[in-house]
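Here is my note on the model, set out as numbered points. Please read it with the sequence and the coordinates open beside you.

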Amino acid sequence: MKNLKKICFICGKEKSGGIILKDKLICESCEKKIVNLEPGNDFYEYYKNKIRAIYKGSSDYRKRMGE
Ligand SMILES: [Zn+2]
């Protein structure tokens, strides 16, 4: 039996469960953190940017960040 473990895209920890966004894993605890975060929280921007990076595609995102 295969027990596939992946590294969470946000916290960097090895997790066996969670959600997959565009082939990136977000573990359950990070998902809960994101859901419960309020705008203005330092981590809110951090997580938001991480997720935005997944959706936008890294090359386009990096170009924007470099400007
Ligand atoms: Zn995580």
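1. In which loop does Lys22 have its place? Lys22 sits in the loop between strand E3 (19-21) and strand E4 (24-26), where strands, like helices, are DSSP runs numbered from the N terminus (H or I and at least four residues for a helix, E and at least two for a strand).

2. Before going further, the basis of the note should be stated. This is a predicted model, in which local features need pLDDT of at least 70 and side-chain atom pairs count only at pLDDT 80 or more, whereas totals for chains, interfaces and linings use all residues. Residues are numbered from 1 along each chain as its sequence is written.

3. On confidence, pLDDT being the predictor's confidence in each residue on a scale from 0 to 100, the chain has a mean of 80, and 78% of its residues reach 70 or more. Among the elements of the chain, strand E2 (residues 14-15) has the highest mean pLDDT, 92, and helix H3 (residues 58-66) the lowest, 55. Where pLDDT is low, the predicted coordinates should not be read in detail.

4. As to the overall architecture, the chain has four strands and three helices, and from the N terminus on these elements run β-β-β-β-α-α-α. Of the contacts in the chain with a separation of 6 or more, 16% are accounted for by residues 24 or more positions apart, a contact being a pair of residues whose C-beta atoms, placed from the backbone, lie within 7 Å.

5. Buried residues make up 10% of the 67 residues in the chain; a residue is buried if 20 or more other C-beta atoms lie within 10 Å of its own, exposed if 12 or fewer, and partly exposed in between, with C-beta atoms placed from the backbone. The largest nonpolar core (a set of buried Ala, Val, Leu, Ile, Met, Phe, Trp, Tyr and Cys residues joined through C-beta atoms within 7 Å) has seven residues in all, namely Phe9, Ile10, Leu25, Ile26, Cys27, Cys30 and Tyr47.

6. Two members of that core deserve a separate look. Ile26, which has its place in strand E4, is buried because 23 other C-beta atoms lie within 10 Å, and, residues up to four places away in sequence not being counted, Ile26 touches Cys8, Phe9, Ile10, Gly18, Ile19, Leu21 and Glu31. Cys30, with its neighbours within four places in sequence left aside, is in contact with Cys8, Ile10 and Cys11.

7. The loop between E3 and E4, which also holds Asp23, merits a check of the backbone. Lys22 has a phi near 50°, a positive value in a residue other than glycine, and Asp23, also not a glycine, has a positive phi of about 75°. Lys22 counts as exposed because it has 11 C-beta neighbours inside 10 Å, and Asp23 counts as exposed because it has 8. Not counting residues up to four places away in sequence, Lys22 nevertheless touches Ile54 and Tyr55; the C-alpha atoms of Lys22 and Tyr55 are 7.2 Å apart in space, although the two residues are 33 apart in sequence.

8. Finally, Tyr44 is found in helix H2 (residues 42-56) and counts as partly exposed because it has 15 C-beta neighbours inside 10 Å. Residues up to four places away in sequence not being counted, Tyr44 touches Leu37, Glu38 and Pro39, and 7.1 Å separates the C-alpha atoms of Tyr44 and Ile34, which are ten residues apart along the chain.

How values were computed
Two residues are in contact if their C-beta atoms, placed from the backbone, lie within 7 Å.
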